[in-house]
Amino acid sequence: MRVAVIRGDGIGPEVVDSALRVLKAAAAKYGLVIELAEVEAGDSALSKYGEAMPSRYWGVIETSDAILKGPVGESAGEVVVKLRRGLDLYANIRPARVYPGVKALRDGVDLVIVRENTEDVYVRAEYMITSDVAVALRVISRRASERIARVAFELAKSRRGKVTVVHKANVLTVSDGLFRSVAREVASRYPNVKVDEMYIDSAVMDMVRRPQDFDVILTTNLYGDILSDIAAYVTGSIGLAPSANMGDSKAMFEPVHGAAFDIAGKGIANPTATILCVSWMLKWWGSRVGDGKYTTAGNAIEKAVLDALSSGAKLTPDLGGNATTAEFTGEVIKRI
Ligand code: ATP
């Protein structure tokens, strides 16, 4: 499997380095064949090449099976939008769950946010129409709404069988109105999946008040972005949450958190989210090519992370411990 690696900015290189250490340990143990190809992207690439996602690297991206991406700083918008839209990675999947041994704001949370990833305000069509007035376009299409709804309903079938459609169709009657009606059409093809609907403002409140009640959340791009940060927070630390950007043949895995410049270079970032990205990437590849050893390795990494967290021995400061990124990584590797 060929993996393009973007180390990113801030704590990006630290957490990606940790995840690659884990990947290499798993590859050695399970006999995985992994080729890594480095891609420079982000703030440092912007100052070096004048482009945050330099075109010279696009060939590496396109010839890779998967992308492992660390967080990017100020230029995140440019990098992720180019990757998500350029590769048509239309489904952004963001699980949020409470891990054993981690003190969370709410217990018993196990939900997945399925966020449309290619349109909404992320088409980045913003204009100054006078020197004092700016407008932004929001695009919602039937095709994109339908394919993301299918992802959510398929996922719900393998989970607790419930989808909550989050929108603001009372205000955005046309654009969110279309998203809602397409979601209802798709829902009618899944009689065994329960569906409810919520306005984004109520969903945000419930994400804090009773997040245990959510199973799969289906939503548009911007609402999904906002909801997933809150979901990551209520489950203990933003440093724990992985995410995947899925297309029909390629996928990109990245932590939900940002570049966290406030703690960069101190060696204390929590690498869990990025390590779980590696686990997910291997499981995804295993099922894509039908090779069980990748799936086994992915499961082994996930189990090692859960064991390391629940042992509580070497937790990073965001989880109340005083271990370094490298020490926690060592705890995971020794359990693989
Ligand atoms: P973005 O806009 O890219 O999401 P941000 O600055 O709003 O960036 P983060 O970079 O995710 O958000 O940081 C939010 C807070 O969470 C910061 O205090 C940061 O230190 C903390 N944080 C983020 N990721 C981690 C991590 N992996 N380990 C520990 N703390 C983290």
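**Exercise 1. Find how much area is buried between domain 1 and domain 2, and which residues of domain 1 supply much of that area.**

Solution. Buried area is the accessible area (1.4 Å probe) that two parts lose on being put together, summed over both. For domain 1 and domain 2 it comes to about 1,700 Å², and carbon and sulfur atoms give 54% of this. Next, look at the domain 1 side: Y90, R94 and A96 supply 37% of the area that domain 1 buries against domain 2, more than any other three residues.

A word on the model: it is predicted, so local features need pLDDT of at least 70 and side-chain atom pairs pLDDT 80 or more, while totals for chains, interfaces and linings use all residues. Numbering starts from 1 along each chain as its sequence is written, and side-chain values use heavy atoms, without hydrogens and water.

**Exercise 2. Locate the two domains and list what joins them.**

Solution. Start with the bounds, which come from an automatic or database domain assignment: domain 1 spans 1–97 + 239–336, and domain 2 spans 105–234. Their centres, taken over C-alpha atoms, are 24 Å apart. In the contact (heavy atoms within 4.5 Å), domain 1 takes part with 18 residues and domain 2 with 22 residues.

Now turn to the polar side. Two salt bridges are counted between the domains, each defined by a side-chain nitrogen of Lys or Arg within 4 Å of a carboxyl oxygen of Asp or Glu. R143 forms a salt bridge with D88, with 3.9 Å between the closest N and O atoms. Across the interface there are also 10 residue pairs in polar contact, both at pLDDT 80 or more. A polar contact is a pair of N or O atoms within 3.5 Å; within protein, one must be able to donate a hydrogen and the other to accept it, and residues adjacent in sequence count only if both atoms are side-chain atoms.

**Exercise 3. Work out which polar atoms meet the ligand.**

Solution. Take the ligand oxygens: one is 2.8 Å from a side-chain N or O atom of D262, and an oxygen is 3.4 Å from a polar backbone atom of A259. Then take nitrogen: a ligand nitrogen is 2.9 Å from a polar backbone atom of N270.
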